[in-house]
Amino acid sequence: MPPVIDKKKCVKCGYCAQICPLDVIKVEVQGSEKEINVKYPDECWHCRACEKDCPKNAIHMRYPLSHLMLHKEPEGGKRP
């Protein structure tokens, strides 16, 4: 599951594409318009670099089920 870019919040600065260690996010220039897209969603390591460093908080991660940890507190709230 790839990062999700909120197009309403994104100012198209391109910092997310610069910071991504795997080049998952790309800046595409079409004429005078810039577009930020998740080009290689299957390559994402979910490192959250783009999410943490976005100046407008326009990116959030969507994690696959295999990355989610089911957690249940032990009875009485104490850990063994």
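The following paragraphs describe the fold, core, surface and salt bridges of a predicted protein model.

The structure is a predicted model, in which local features need pLDDT of at least 70 and side-chain atom pairs count only at pLDDT 80 or more, while totals for chains, interfaces and linings use all residues. Residues are numbered from 1 along each chain as its sequence is written, and side-chain values use heavy atoms, with hydrogens and water left out. The predictor's confidence in each residue is given by pLDDT, on a scale from 0 to 100. For the protein chain the mean pLDDT is 86, and 86% of the residues reach 70 or more. Among the elements, H1 has the highest mean pLDDT (95) and E4 the lowest (92).

A good place to start is the order of the elements. The protein chain holds two helices and four strands, arranged β-α-β-β-α-β from the N terminus on. Helices (H or I, at least four residues) and strands (E, at least two) are DSSP runs, numbered from the N terminus. In the protein chain, 43% of the contacts (heavy atoms within 4.5 Å) between residues at least 6 apart in sequence join residues at least 24 apart.

Turning to the interior, 26% of the 80 residues count as buried. Here buried means under 20% relative accessible area, exposed means over 50%, and partly exposed lies in between, with a 1.4 Å probe and protein chains only. In soluble globular proteins, nonpolar side chains tend to be buried together. The largest nonpolar core has 14 residues, of which Ile5, Cys16, Ile25, Ile36, Cys50 and Ile59 touch the most other members. Helix H1 (15-19) and E4 each supply at least two residues of this core. A nonpolar core is defined as a set of buried Ala, Val, Leu, Ile, Met, Phe, Trp, Tyr and Cys residues joined through side-chain atoms within 4.5 Å. Ile5 offers a helpful view of the surroundings: leaving aside neighbours within four places in sequence, Ile5 is in contact with Cys10, Ile25, Ile36, Asn37, Val38, Ala58 and Ile59.

On the outside, the protein chain exposes about 6300 Å², with carbon and sulfur atoms supplying 53% of it. Accessible areas come from the Shrake-Rupley method with a 1.4 Å probe, and for residues only the protein chains shown count as cover. Tyr63, Leu65 and Leu68 make a nonpolar surface patch of about 320 Å². Patches are made of residues with over 30% relative accessible area and no salt bridge; like charges are joined within 9 Å, and nonpolar side chains (Val, Leu, Ile, Met, Phe, Trp, Tyr) within 5 Å. Tyr63 sits in the segment after strand E4 (59-61) and counts as partly exposed, at 32% relative accessibility.

Tyr63 also appears among the contacts of His46, a residue worth a look in the viewer. Leaving aside neighbours within four places in sequence, His46 is in contact with Met1, Met61, Arg62, Tyr63, Pro64 and His67. His46 lies in the loop between strand E3 (33-38) and helix H2 (49-53) and is buried, with a relative accessible area of 13%. Most residues other than glycine have a negative phi. His46, although not a glycine, has a positive phi of about 60 degrees. Asn57, also not a glycine, has a positive phi of about 50 degrees. Asn57 is found in the loop between H2 and E4 and is exposed, with a relative accessible area of 54%.

Finally, the charged pairs. A salt bridge is a side-chain nitrogen of Lys or Arg within 4 Å of a carboxyl oxygen of Asp or Glu, and by this rule the count comes to four. One of these joins the side chains of Glu35 and Lys7 (3.4 Å, N to O). This pair links distant parts of the chain, 28 residues apart, with Glu35 in strand E3 and Lys7 in the loop between strand E1 (3-5) and H1. Both partners are partly exposed, Glu35 at 24% relative accessibility and Lys7 with a relative accessible area of 45%. Another salt bridge pairs Lys39 with Glu28, their closest N and O atoms being 2.9 Å apart. Lys39 lies in the loop between E3 and H2 and Glu28 in strand E2 (residues 25-30), so this bridge ties together parts that are 11 residues apart in sequence. In Arg48 and Glu51, also joined by a salt bridge, the closest N and O atoms are 2.6 Å apart. Arg48 is partly exposed, with a relative accessible area of 35%, whereas Glu51 is buried at 19%. Lys7, Lys12 and Glu35 are joined into one network by salt bridges that share partners.
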